[in-house]
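Please follow the chain on screen as the paragraphs below move from a single residue to the strands around it, then to a helix and a loop.

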Amino acid sequence: MTISLALTASTTPGRSPAAIYVQEQAMTGWNHYQQPISRGHARQTAQENLVALFDRCAQPNWDGHNAAAVSQQVYCLAYRLLEALPPDLPLPEFGAEPDGQLTFEWHRAARRTLSVSISPDGDLHFAALLGASRNYGTEAFWGDLPQPILELIGRVFMG
């Protein structure tokens, strides 16, 4: 309780880049503090899995069939996307594609699945199979999970 009061106690919040950064870091820490330990452990495991995947796929021909290397840029975007996922969403499985993109995948059943590929330019290419319907497209990633993808994740698990 004391921590949350300290985060909001200032009557004259700073506007400098440093003050904004400190406030964002404090809020990130507070949000992490509020997460259940099991959820924090699951997120940490997901982060470790993403790092391990990047380590395996960072060199050309990582699959033995001339796959393109996953670039540092794609990895960083994927990590930012993982961090942007709301804490109440199921965490994805990760994969790498022969073109050097990383994928986030959510599966509930054979006909309830979503795949999101992250391109080096920050585009999120997605394809979902939701019962008899299909949905696909591209959304730009600017640091927040795009609403259409958020809704599709919900439909995979709620529909």
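Leaving aside its neighbours within four places in sequence, which residues is T113 in contact with? In this predicted model, T113 is in contact with W106, H107, A127, A128, L129 and V156, once the neighbours within four places in sequence are set aside. T113 itself is found in strand β3, and its side chain makes a polar contact of 2.4 Å with the side chain of H107. Because its relative accessible area is 15%, and buried means under 20%, T113 counts as buried. The strand that holds T113 is mostly covered as well, since six of the seven residues of β3 are buried.

The strands around this residue can be taken in order. Strand β1, residues 93–96, pairs with strand β2, residues 102–109, in the antiparallel sense over four bridges, and within this pairing A96 stands opposite L102 of β2. The two strands form a hairpin with five residues between them, and in that turn G100 has a positive phi of about 90°.

From β2 the pairing continues to strand β3, residues 112–118, again in the antiparallel sense, here over seven bridges. β2 and β3 form a hairpin with two residues between them. Two positions help to fix the register of this pair: T103 stands opposite S117 in β3, and W106 stands opposite L114 in β3. W106 is also one of the residues in contact with T113.

On its other pairing, β3 is joined to β4 by seven bridges, and these two strands run antiparallel. S117, which faces T103 of β2 in the previous pairing, has H125 as its bridge partner in β4. The hairpin of β3 and β4 has four residues between the strands, and G122 there takes a positive phi near 90°.

Where does D121 lie, and is it buried or exposed? D121 lies in the loop between β3 and β4, and at 60% relative accessibility it counts as exposed, because the cut-off for that class is over 50%. Its side chain nevertheless has polar partners: a polar contact of 2.2 Å joins the side chains of D121 and S119, and the side chain of D121 reaches the backbone nitrogen of D123 at 3.4 Å. D121 can also be placed relative to a residue much earlier in the chain, Q73, for the two are 48 residues apart in sequence and 8.5 Å apart in space, C-alpha to C-alpha.

The last element to consider is helix α5, which runs over residues 147–158 and has twelve residues. From its first C-alpha to its last, α5 reaches 16 Å, close to the 16 Å expected at 1.5 Å a residue. Which residues of α5 are buried? They are I149, L152, I153 and V156. These residues lie on the same side of α5, because they cover an arc of only 100° around the axis. The buried residues of α5 pack against β2, β3, β4 and β5, of which β4 spans 123–130 and β5 spans 133–140.

With the helix in place, the view can return to the starting residue. V156, one of the buried residues of α5, is also among the residues in contact with T113, and T113 is found in β3, one of the strands against which the buried residues of α5 pack.

Terms used. Residues numbered from 1 in each chain as written. Predicted model: local features only at pLDDT ≥ 70, side-chain atom pairs only at ≥ 80, totals over all residues. Heavy atoms only, no water. Pairing = 2+ DSSP bridges. Buried < 20%, exposed > 50% of the residue type's maximum accessible area, 1.4 Å probe, protein only. Polar contact = N/O pair within 3.5 Å; in protein donor to acceptor, adjacent residues only side chain to side chain. Contact = heavy atoms within 4.5 Å. Expected span 1.5 Å × (residues − 1). Arc of directions from axis to C-beta.
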